[in-house]
Amino acid sequence: MKIGYIRYGGTEHKKSDDQSDVLQLAGCDTFFVDDVQSKGAKLKSALSALSSGDTFVIAKFDRLGKTIKGVVDLLNELATRSITFVAVEDAVDTGTVDGRYLVQILSRLALMEKELRNERTRESLAIAKKKGRTGGRPPSLTQIKLDEAKNLIDGGMPVRAVAKIVGSSQATLYRVLGPKAVE
């Protein structure tokens with residue numbers, strides 16, 4: 001059984017018609033149409049309608065997903081379920097040796113993309129660290145306010161009142177100064 005899938009944006013009705021023509025020429029028995037409102041729900045329906053030995057057909061690769069990793073994961077899922085994938089206009093058919101080879105290349109590209117992203121992130125963090133910047137939220141209390149809070153607490157003022165004066169929470173004072181310093 002051949003099941004087709006169409007995805008289009010809200011103003012792309014012509015593309016939807018073009019895609020349905022392509023899928024009909026490819027011999028699809030049924031097809032599912034995703035639009036802006038369905039947000040991928042029809043893709044899930046199409047995938048659940050497929051069974052071993054079926055063929056999943058789309059007009060072009062760009063209709064299948066937004067990231068290489070997402071497309072590769074979907075293609076691998078189809079392969080494990082023994083479902084053939086065909087992108088008609090891109091001449092990709094995983095039922096052929098060339099099509100399976102393309103999926104392997106896409107898998108490697110997705111892995112390379114992930115590694116490059118991780119490498120760039122590590123490099124950026126190292127550069128920021130050299131410049132004295134670290135990630136995360138800046139401390140809410142300066143050392144001056146911490147010293148003021150400690151002096152007020154040592155003078156017998158309740159932690160709740162001190163927290164209001166220095167513009168912090170009681171929990172922050174307990175965490176930063178320690179429970180023994182606050183008592």
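## Nonpolar residues, inside and out

Helix 4 gives five residues to a nonpolar patch, the largest share of it. That patch lies on the surface and consists of Ile68, Tyr101, Ile105, Leu109, Met112 and Leu116, which together have about 510 Å² of accessible area. Keep in mind as you look around that this is a predicted model.

**The surface patch**
- Start with Tyr101, a residue of helix 4.
- Tyr101 counts as exposed because its relative accessibility is 51%, and the cut-off for exposed is over 50%.

**The cores**
- In soluble globular proteins, nonpolar side chains tend to be buried together.
- Here, the largest nonpolar core has 22 residues, and Phe56, Phe61, Leu64, Leu75, Leu78 and Phe85 are those with the most contacts inside it.
- Two or more residues of this core come from each of strand 1 (2-7), helix 2 (41-49), strand 3 (55-58), helix 3 (68-80), strand 4 (84-87) and helix 4 (97-130).
- Helix 3 provides the largest share of this core, with five residues.
- Try clicking on Phe61: beyond its neighbours within four places in sequence, its contacts include Val71, Leu75, Phe85 and Leu102.
- There is also a second, separate core of ten residues, with Leu141, Ala163, Val166 and Leu173 among them.

**The two sides of helix 2**
- Leu43, Ala46 and Leu47 are buried in helix 2.
- Looking down the axis of helix 2, you find its buried residues within an arc of 95°, so they line one face of the helix.
- Lys44 and Ser48, on the other side of helix 2, are exposed.
- The cover over the buried residues of helix 2 includes strand 1, strand 2 (30-34), strand 3 and helix 3.

Terms used. Residues numbered from 1 in each chain as written. Predicted model: local features only at pLDDT ≥ 70, side-chain atom pairs only at ≥ 80, totals over all residues. Heavy atoms only, no water. Core = buried A, V, L, I, M, F, W, Y, C linked by side-chain atoms within 4.5 Å. Buried < 20%, exposed > 50% of the residue type's maximum accessible area, 1.4 Å probe, protein only. Helix = DSSP H or I, 4+ residues; strand = E, 2+ residues; numbered from the N terminus. Contact = heavy atoms within 4.5 Å. Arc of directions from axis to C-beta. Patch = residues over 30% accessible without salt bridge, like charges linked within 9 Å, V, L, I, M, F, W, Y side chains within 5 Å. Areas by Shrake-Rupley, 256 points an atom, 1.4 Å probe, with all protein chains shown as cover. Salt bridge = Lys/Arg side-chain N within 4 Å of Asp/Glu carboxyl O.
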